[in-house]
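Visitor: I am new to this structure, and I would like to be guided through it with a few questions.

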Amino acid sequence: MTSRYAFVSVLLGLTLLSIVLCLLGLCRSRDVYGRLHFLGPLSVLAPVLLAAAVLIDGGPSGEGVKAIVIAAVLFVYGPLVSHATAKACRRRREPNG
Amino acid sequence: MLNPWLWATLGLTLCLVPCLLIILRSRVVEGFVALQFASFVTVFALVTMTVGLRQPSFMDLALVFALLSAASGLLFTHFLERWL
């Protein structure tokens, strides 16, 4: 097993771990405001880890560039939709806790 | 023998099951948050599947899905705010 293979495996493991932890938080939250918090790491941490794994595995190829673009899209869009959803919930007077 | 990318794809696909349960059992707004979660996870699964299967053309699918889920998510919030 080369060091690159091991490093990619670690990054994939960290990505999966962050997603599973966010999923646990999503399931355990009592209201919509709590659930919205768990979209944060999913749009910031996980795409960066995954893009890093793709770049290390394949080098600066077309796949790597697209992975970076995907990470950038999720990085910008994730907080945007969280904010818009929270605003919609306030308008609807969703219960807090 | 599966490579780490395909194991990651399998794990990400399994993460969609709790999202589906939340969507089916919760109210509209909470189901929408779970839907956004599921769309993020689907993008990641498509990326890992692309690298695992060594099919670079699948990455375009992941990119288009990410962009479309961004637009549709914002459109959904607009309807949630006013009409749903």
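Guide: Accessible areas here are obtained by the Shrake-Rupley method with a 1.4 Å probe, and for residues only the protein chains shown count as cover. This is a predicted model, in which local features need pLDDT of at least 70 and side-chain atom pairs count only at pLDDT 80 or more, while totals for chains, interfaces and linings use all residues. Residues are numbered from 1 along each chain as its sequence is written, chains are lettered from A and ligands numbered from 1 in the order in which they are written, and side-chain values use heavy atoms, with hydrogens and water left out.

Visitor: What percentage of the accessible surface of chain B belongs to carbon and sulfur atoms?
Guide: The accessible surface of chain B comes to about 4,300 Å². The share of that surface on carbon and sulfur atoms is 75%.

Visitor: In what order do the elements of chain B run?
Guide: Chain B has three helices and zero strands, helices being DSSP runs of H or I with at least four residues and strands runs of E with at least two, numbered from the N terminus. From the N terminus on, the order is α-α-α.

Visitor: Which residue of chain A forms a salt bridge with Glu81(B)?
Guide: Between chain B and chain A the count is five salt bridges, each a side-chain nitrogen of Lys or Arg within 4 Å of a carboxyl oxygen of Asp or Glu. For Glu81(B), the closest N and O atoms are 4.0 Å apart, and the partner is Lys87(A).
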